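Biologist: Before we begin, could you take me through this model slowly, and tell me at each step what lets you use the word you use?

Modeller: Gladly; ask about any term that is unclear.

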Amino acid sequence: MANSYNTVTVQSSGATLILAANTWRSGLTLYNNGSVTVYIGTDSSVATATGLPMLAGATYDLNGWQQYKGAIYGIAASATADMRYLEWTR
């Protein structure tokens, strides 16, 4: 099993790709290391009015047998936010 991790600066001016789709993904953890809420979605149309809110300091673990393998996008509530991810692949 391999893994990758990185930091992504999420903008408030439009959706930012946090993590590309990966058919080999077997686990994923997202962490909002910023000071503003980031709204998460599965495509570039995500907006603050439609995305899943991820508060500053929040962690989402997307792990399990039927792991989501698509892209993850985000948009910051204001200014920018520092998002981190850790992705496991098989």
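Biologist: Where in the chain is Ala79 found?

Modeller: This is a predicted model, and in it Ala79 is found in the loop between strand 7 and strand 8. Its phi is positive, about 50 degrees, although Ala79 is not a glycine.

Biologist: What makes Ala79 count as exposed or buried?

Modeller: The word exposed is kept for residues over 50% relative accessible area. Ala79 has 53% relative accessibility, and therefore it counts as exposed.

Biologist: Why is Gln67 called buried or exposed?

Modeller: The relative accessible area of Gln67 is 7%, and because buried means under 20%, Gln67 is called buried. Gln67 is found in a loop as well, the one between strand 6 (59–61) and strand 7 (72–76).

Biologist: Which residues is Gln67 in contact with, leaving aside its neighbours within four places in sequence?

Modeller: With that restriction, Gln67 is in contact with Arg25, Ser26, Gly27, Leu28 and Leu62. In addition, the side chain of Gln67 reaches the backbone oxygen of Leu62 at 2.8 Å, a value that falls within the 3.5 Å asked of a polar contact.

Biologist: What does Tyr60 count as, by its relative accessibility?

Modeller: Tyr60, which is found in strand 6, has a relative accessibility of 21%. Buried would need a value under 20% and exposed a value over 50%, so Tyr60 counts as partly exposed.

Biologist: Which backbone oxygen lies 2.5 Å from a polar atom of the side chain of Tyr60?

Modeller: That is the backbone oxygen of Pro53. Pro53 also appears among the residues that Tyr60 touches when those up to four places away in sequence are not counted, and the others are Leu28, Thr29, Leu30, Leu52 and Met54.

Biologist: How many strands and helices does the chain have?

Modeller: The chain has eight strands and zero helices, and so the pattern read along the sequence is β-β-β-β-β-β-β-β.

Biologist: Why is the chain called as compact as a globular protein of its length?

Modeller: The radius of gyration of the chain is 12 Å, and the globule rule gives 12 Å for 90 residues; the two values are close, so the chain is as compact as a globular protein of that length. The C-alpha trace spans about 35 × 20 × 15 Å along its principal axes, and 40% of the 90 residues count as buried.

Biologist: What is the order of the strands in the open sheet?

Modeller: The open sheet has four strands in the order 2-7-4-5, with antiparallel pairing.

Biologist: What makes strand 2 (16–19) and strand 5 (52–54) stand at the edges?

Modeller: Each of these two strands has a single partner strand, so one side of each is left without a neighbour in the sheet.

Biologist: How do you know that strand 7 pairs with strand 2 and with strand 4 (residues 38–41)?

Modeller: Pairing asks for at least two bridges between two strands. Three bridges join strand 2 to strand 7, and strand 4 and strand 7 have four, so both cases meet the requirement. Leu19 has Ile72 as its bridge partner in strand 7, Tyr39 has Ile75, and Ile40 stands opposite Gly74.

Biologist: Why is strand 7 described as largely enclosed by the rest of the structure?

Modeller: Five of the five residues of strand 7 are buried, and therefore the strand is largely enclosed. Ile72, Gly74 and Ala76 point one way, while Tyr73 and Ile75 point the other way.

Biologist: Which residues touch the most other members of the largest nonpolar core?

Modeller: Among its 16 residues, these are Val10, Ile18, Leu30, Ile40, Ile72, Met83 and Tyr85. Strand 8 (80–89) gives the most to this core, with three residues. Apart from it lies another core of five residues, among them Tyr39, Ala71, Tyr73 and Ile75.

Conventions. Residues are numbered from 1 along each chain as its sequence is written. This is a predicted model: local features need pLDDT of at least 70, side-chain atom pairs count only at pLDDT 80 or more; totals for chains, interfaces and linings use all residues. Side-chain values use heavy atoms; hydrogens and water are left out. Buried means under 20% relative accessible area, exposed over 50%, partly exposed in between (1.4 Å probe, protein chains only). A polar contact is a pair of N or O atoms within 3.5 Å; within protein, one must be able to donate a hydrogen and the other to accept it, and residues adjacent in sequence count only if both atoms are side-chain atoms. Contact means heavy atoms within 4.5 Å. A nonpolar core is a set of buried Ala, Val, Leu, Ile, Met, Phe, Trp, Tyr and Cys residues joined through side-chain atoms within 4.5 Å. The radius of gyration is taken over C-alpha atoms; the globule rule is 2.2 Å times the number of residues to the power 0.38.
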